[in-house]
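Visitor: Could you take me for a close look at one single part of this model? I am new to structures, so please explain the words as you go.

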Amino acid sequence: MSSAEVADNSVDPPAKKRKLNTGGASCKSSAMANNGTRVEDEIDESLYSRQLYVLGHDAMRRMAHSDVLISGLGGLGVEVAKNVILGGVKSVTLHDERSCTISDLSSQFYLSEASIGKNRAVASCEQLAELNHYVPTTAYTGPLTEEFLKKFRVVVLTGASRTEQDRVAALTHANNIALIIADTRGLFSQVFCDFGPEFTVYDVTGENPVSAMVADITHEYEAVVTCLDDTRHGLEDGDYVTFSEVQGMTELNGCEPRKIKVMGPYTFTIGDTTNFSKYARGGIVTQVKMPKKLHFKQLSESLKEPEYLITDFAKMDYPQQLHVAFAALHKFEQAEGYTPKPWCDADAAKFIEYVKTILKDGEIFKEGELEINTDLMEIFAKVSSGDLNPMNAAIGGVVAQEVMKACSGKFHPIIQWLYLDAIECLPKDKSALTEENCKPVGSRYDGQIAVFGNNFQKRIGELKYFIVGAGAIGCELLKNFAMIGVGAAGGQVTLTDMDLIEKSNLNRQFLFRPHDVQKPKSSTAAKAVKKMNPAMNVLAQENRVCPETECVYDDVFFEALDGVANALDNVDARIYMDRRCVYYKKPLLESGTLGTKGNTQVVVPALTESYSSSQDPPEKSIPICTLKNFPNAIEHTLQWARDEFEGLFRQAAEHAAQYLQDPHFLERSMKLPGTQPLDALESVRNAINDRPLSFDDCITWARLHWEIQYSNQIKQLLFNFPPNQVTTSGAPFWSGPKRCPAPLTFNPNDELHLDYVVAAANLRAQVYGLPPCVDRERIAKVATSVQVPEFKPRSGVKIAVTDAQLQQNNDDMDQDRVQTIISDLPPPSKLGNLKITPLDFEKDDDTNFHMDFIVAASNLRAANYSIPPADRHRSKLIAGKIIPAIATTTSVVAGLVCLELYKLAQGFNTLDVFKNGFVNLALPFFGFSEPIAAPVNKYYDKEWTLWDRFEVKGEVTLQQFIDYFKNEHSLEITMLSQGVCMLYSFFMPKAKRQERLNLPMSEVVTKVSKKKLEPHVKALVFELCCNNEEGDDIEVPYVKYTLP
């Protein structure tokens, strides 16, 4: 989990064990060479690994040379600073000339009541500096002079006056310093970017370059490239490409990037090829990322000629309106000396006059160019003194990502203005929002009271919420809940996460520090937010959310909740929590991130569809034959290496351990389908009869296994299918996706060859409890002395070319061979105290040889097939199925989620006010949509949705249950199930059916499931298949059967 996780019980991963913190583990175990690994001395991969998969080493290095100034340490400034410091720039200077007041506590989470009267930058500097010891963080309280500003690559201004913005903007533009101006006012926000007169973006989207296999290239002025039709090429007009491995038209190999024009999903043109040789066959086309030059206008110029990034396509006219509104607010504050008072009609009227003056004077738009949206302007004025944590969190993430873009040139910046609002958070009936109800009361929540009023704050304090997961999103949500005051006045926030903190978490799970590594996430996070808001009532737990913990998270627990916020990292757990929320009719706030992409979904009972209503298509799997014999990409060799690890060091060891401990193992194995009994028994025989007695035995095994995998199997494959083999149609067999391999010859002086032997030998030693060895010279010496039998390819060996052929070969099992193996096995009693330990793959421990084995095994196989190798960093991403992650996206997503929480807390119940969000900070793109309404089904004239159900109370017999539906609802039950148990069906044998009809429902369940009902179970859920009176099959809701 980065969070509480749920999984199918049969494949539940074991809970992570506490590891002793032995200090910083080296990037690679000392026994391993740097083969396949880039030495990145200046980047701590164990800390930044998830972010490196988003930004890459080059962008991170450019960031590590950039000094950043952040001015204004209010709620927005601290969010920006937190994300930038976590990101890993060269240094951060915090600037502020203001002192802390009680209202700053509305959203500045590193200020407390003890900070009141102190300079905001000084008061929060120490805690911000703790976030990342690689980033020196200092406070500065003097004026921003030209000389001082010249020290920085990027300057961020938050909460600055227009006069100060103009002054700093002129200096930064003249000195080619990137400037970002950001401001949040209540439910409205503004961002402005100026990265100088000339700025280069090195990678516009951050997506991996696409590549495809070439089937044909024409010889003409506008040559057409046709790709193999198994997958679309994925290129777009204007992309640039280069080629490799083309035969015939070899001039294209490694050519300068050529601009393309897409003709179809499998074809595109590349310009003139008439001067080249004729195309013969083969080739790979790869997209090339081209730098893009951008020219930014200075603030004074851009104010009058603004370009906007649209954040909500349902509000296309809002950016112009808000552009004027922020300008008018600066004028109001400068002239009046204060911000419009919360929900004050007189100040709102005065503000509108300033708007009219700006338009009349033609300062921004020419007169008549913009029609004032008076209602919007009034609301803007009335909430402009507000300070909302969720808006600061969202904009803080956006601005921090822009800082990283300015430092690194990675991803496309905002051109040049962004306006985001959350006006839907206000009730449609605003009569309760009076100046009296919304005035400051000297409370830490004054910034929120200014927008929503005092009564709303009481309601927020009484909420009872369940946060599932204390990973990256969980930490952000918890911080936001603390600032908003959720559960801080009579309510409660329950937080659960079964995981322990790891070093790689520290880069974005900002509530944790290095000294917290190996402590539980949930209790550590709870302690951290109690410091931010001592009134927070947080109950931290370390439970997995799954059927086994329903005795903890039972009816009493769920019925007391006001809602659930998921902060999970896997689909199974999300679906499980979604089903629980539907059953208990509780709102669910759902969110997720993938690199710079993030999404939010709000599930509202009786109104919207649920999370499970729509699902992503399944991931495309790699055909087994491709993995076994015909890989053509590094992803194939890495998956093969992962399968090797599982087979050699987990599954075989698991089978052998079961044979030693379970007297019924042989009996159970024989019942397995297909050739599985043979495979299982062979692995047991090899594991026991060929067990090593010393580390030298492990080296010998590793050396012989190397020979089998990288030489003998390839020789056999080439014996079956020689390099010049042709298919029945006359085409070369080794063409298209089939790459012709070549066997390798073992060389102890080749670092990669020795890497494999070192890792494989040490892993085998771990399985058998033998002491490890990291002496490469000794291992090389022993490996060289191993007598390797000469291999001769054999006739009659079947090698499947397709998965269908493979399936046919697998159907027959040699029973005689099975019996021979069983007779070869010594009984467990004769094996004394032999202990065999299966290894569970752990990608983040650089001392356990797991990734060392994967990298070496994969790159050796890549060498067999002439596939470019992958370094350790990339191999870990693919083989470990790591989700790239960065603090900026997490911050945005958690902020957007909490804006939806405002709506749920007020009891809104119409679709049009809720927003599901999708963002991609790289592009940048923002999209919001109304949630999809729960689909309506119908039986007879009764409409129902997933939120409806039949309720049956009290114990009845199965016959009475069937009769009830027949008489009360005119439904004939044809099948009835509970979970995976079929309780009743029309095709059941009559005797069995008759036996069950007279039993009480709960007894039918216990009899069929062969399980007792747990004491916490207060109700059962039944699924029905029914016919209507005409005998047609119809869909009906489920049944909640409440036990007496």
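Guide: Of the 1044 residues of this protein, 56% count as buried, where buried means under 20% relative accessible area, exposed means over 50%, and partly exposed is in between (1.4 Å probe, protein chains only). Before we go on, please note that this is a predicted model, in which local features need pLDDT of at least 70, side-chain atom pairs count only at pLDDT 80 or more, and totals for chains, interfaces and linings use all residues. Residues are numbered from 1 along each chain as its sequence is written, and side-chain values use heavy atoms, with hydrogens and water left out.

Here is the setting for our close look. The protein has 33 helices and 33 strands; these are DSSP runs numbered from the N terminus, helices being H or I with at least four residues and strands E with at least two. Its radius of gyration is 33 Å, close to the 31 Å that the globule rule gives for 1044 residues, so the protein is as compact as a globular protein of that length. That radius is taken over C-alpha atoms, and the rule is 2.2 Å times the number of residues to the power 0.38. The C-alpha trace spans about 95 × 85 × 60 Å along its principal axes.

Now let us visit helix α11, which covers residues 389-408. One residue in α11 is M391, and with 0% relative accessibility M391 is buried. What does M391 touch? Leaving out residues up to four places away in sequence, M391 touches T184, G186, L187, F188, S189, L420, D421, A422 and L899; such a contact means heavy atoms within 4.5 Å. M391 and F188 are 203 residues apart along the chain, yet their C-alpha atoms are separated by 7.8 Å. Across the protein, 74% of the contacts with a separation of 6 or more come from residues 24 or more positions apart.

Further along α11 we meet a charged pair. E402 forms a salt bridge with K405, their closest N and O atoms being 2.7 Å apart; a salt bridge is a side-chain nitrogen of Lys or Arg within 4 Å of a carboxyl oxygen of Asp or Glu. E402 and K405 are three residues apart in the helix, which means about one helical turn separates them. Both partners are buried: E402 has 1% relative accessibility, and K405 has a relative accessible area of 0%.

By this rule the protein has 52 salt bridges, so here are others to set beside the pair in α11. R185 and E333 form a salt bridge with closest N and O atoms 2.6 Å apart. R185 lies in strand β5 (residues 178-185) and E333 in helix α8 (residues 318-336), so this pair ties together parts that are 148 residues apart in sequence. R185 is buried too, with a relative accessible area of 10%. Some charged residues are linked in a network: R50, D844, D846, D852, R872 and K876 are joined by salt bridges.

For a contrast with M391, take N599 in strand β23 (residues 597-603). N599 is partly exposed, at 33% relative accessibility. N599 touches E590, S591, G592, V893, G917 and F918, again not counting residues up to four places away in sequence.
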